[in-house]
Amino acid sequence: MKAYYMINYGGPEVMQYGDVREPSGREGEAIVEVKAVSLNPLDWKIRDGQTRFITGRKFPKILGADFAGKIKEINKISTGLTIGDNVYGSIRLYLKNQGALAERVVVPIGALHKIPEGCSFEEAAALPIAGLTALNGLRLCGILENKKIVVNGATGGVGHFVVQMAMAAGASITAVASTKNLEIAKTLGAGKVIDYMEQDITRQSEKYDIFFDAYGMVKFSNARKILNKKGIFATTLGMPGVVLTKFWNSFTGQQKIVLANYRGKPEDYRALGKMIEQGVVKPLVGKIFPFQETHRAFEESEKGGVAGKIVVSLQEI
Ligand SMILES: NC(=O)c1ccc[n+]([C@@H]2O[C@H](COP(=O)([O-])OP(=O)(O)OC[C@H]3O[C@@H](n4cnc5c(N)ncnc54)[C@H](OP(=O)(O)O)[C@@H]3O)[C@@H](O)[C@H]2O)c1
């Protein structure tokens, strides 16, 4: 089958498109015919070698965690899922695990979820990591009603979900985005927008209840300057330094740090699916690339500037 895979860790030159061995599923696994894959910064961070201690050294390695497709084979009965079902999910790309940038992929049955009603394959593939990181981060922030939230990176994969979810929960949103994406931030529901190319958000006089850094590059020491006394800083940056700061801050500060990480429990997928079906949240698919042009999708993701998610489609587009 055709796949888009890396032959080593490194830059774009280690990625290839070509034939790989057909996957075979074991007990408890299904084979999914892939229809769409959305990219996350995680994909090119893995390719670069930033995660090599958990992603191993078995090459060729197929990238692409978030996928949507159709069940082709299922090696277990009575799971509520059957051959032909349209499903989506996210693959943990640890060690020998292969990703979804391929015509077919093996997925543990527990990681498969029915596509929410009304969602295309491309939209469903855009949901898992970004949508559930936003959901989990906001859940850890507690009650959102009537809270003033500033979302940094508001039109990105994670950020555009944060804006919509927080707004649906009754918060008022200030979105921080690049010049060309300010209008999109407004259409997502932000009451106020700030251009990060013009202004440093952490040097403003206005104070917020929650600073959600979906961009994942702001330090707590800067974010806290625009937080209320008991404000919350939520960050997608899952680095040891942040964990240490969070630990230290839990003893010393009134302001709180929340780690907005992907969490994919069945109840998380159910909650996200419900929001999609009720029309409370809509995935924004900013660009779609054909499978053979996956390298261009990587380029765009690394370069930045696309509002919403970048998706690779294995269907006719
Ligand atoms: N911990 C976890 O489980 C987890 C899960 C998901 C993501 N993440 C991390 O979270 C980060 C964002 O992920 P994503 O999928 O949302 O990426 P993304 O789609 O590339 O979005 C990044 C956003 O940040 C904005 N941005 C770029 N430079 C900025 C600046 N100087 N100030 C403010 N905003 C800026 C971009 O705006 P423009 O494109 O308009 O410039 C874009 O909207 C990545 O580092 C990713 O690895 C972590």
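Which residue has a polar side-chain atom that lies 2.5 Å from an oxygen atom of the ligand? In this predicted model, that residue is Ser 178. I shall begin with the surroundings of the ligand and then turn to the strands and a few notable backbone positions.

Ser 178 has company at the ligand. The side chain of Tyr 196 places an N or O atom 2.4 Å from a ligand oxygen. Gly 157 contributes through its backbone, where a polar atom is 2.8 Å from an oxygen atom of the ligand. Of the ligand's own accessible area, 930 Å², the protein covers 79%. Three elements each give two or more residues to the shell: helix H1 (41-48), helix H4 (128-141) and helix H5 (157-168).

There are 21 residues around the ligand, and those that come nearest are Lys 45, Gly 157, Ser 178, Tyr 196 and Gly 305. How do the residues of the shell divide into nonpolar, polar and charged? Twelve are polar, eight are nonpolar and one is charged.

Where does the ligand lie with respect to the two domains? Domain 1 comprises 2-127 and 284-313, while domain 2 spans 129-259. The ligand lies between the two domains, because both of them give residues to its shell.

Let me now move to the sheets. One is an open sheet of six strands with parallel pairing, in the order S11-S10-S9-S12-S13-S14. Its edges are formed by strand S11 (192-195) and strand S14 (256-259), each of which pairs on one side only. From one strand to the next, the twist averages 20°. At one end of this order, strand S13 (residues 227-235) and S14 run parallel and are joined by four bridges. Within S14, Lys 256 is the bridge partner of Ile 232.

Another open sheet has three strands, paired in the antiparallel sense, with the order S2-S1-S4. Here the edge strands are S2 (15-19) and S4 (61-62), and each pairs on one side only. Five bridges connect strand S1 (residues 2-6) with S2 in the antiparallel sense, and Ala 3 has Gly 18 in S2 as its bridge partner.

Strand S5 (residues 66-74) deserves separate mention. With strand S3 (residues 29-38), S5 runs antiparallel and shares eight bridges; Val 37 stands opposite Phe 67 in S5. With strand S6 (residues 86-90), S5 pairs over five bridges, also antiparallel. In that pairing, Ala 68 stands opposite Tyr 88 of S6.

Finally, I turn to the backbone. Which two residues are joined by a cis peptide bond? They are Phe 59 and Pro 60, with omega at about 0°. Pro 60 is located in the loop between helix H2 (52-55) and S4, and S4 is one of the edge strands of the three-stranded sheet.

Two residues that are not glycine have a positive phi. For Leu 95 the value is near 35°, and this residue sits in the loop between S6 and strand S7 (104-108). For Asn 146 phi is about 65°. Asn 146 belongs to the loop that connects H4 with strand S9 (148-152). Both of these elements have appeared already: H4 gives two or more residues to the ligand shell, and S9 is a member of the six-stranded sheet.

To return to the opening theme, the ligand lies between domain 1 and domain 2, and Ser 178 is among the residues that come nearest.

Note on methods: Residues are numbered from 1 along each chain as its sequence is written. This is a predicted model: local features need pLDDT of at least 70, side-chain atom pairs count only at pLDDT 80 or more; totals for chains, interfaces and linings use all residues. Side-chain values use heavy atoms; hydrogens and water are left out. A residue is near a molecule or strand if one of its heavy atoms lies within 4 Å of it. A polar contact is a pair of N or O atoms within 3.5 Å; within protein, one must be able to donate a hydrogen and the other to accept it, and residues adjacent in sequence count only if both atoms are side-chain atoms. Accessible areas come from the Shrake-Rupley method with a 1.4 Å probe; for residues, only the protein chains shown count as cover. Ala, Val, Leu, Ile, Met, Phe, Trp, Tyr, Cys and Pro count as nonpolar, Asp, Glu, Lys and Arg as charged, and the others, Gly among them, as polar. Domain bounds come from an automatic or database domain assignment. Two strands pair if DSSP finds at least two bridges between them. Axes are lines fitted to C-alpha atoms, for helices over the stretch in contact, and angles run from 0 to 180 degrees between N-to-C directions.
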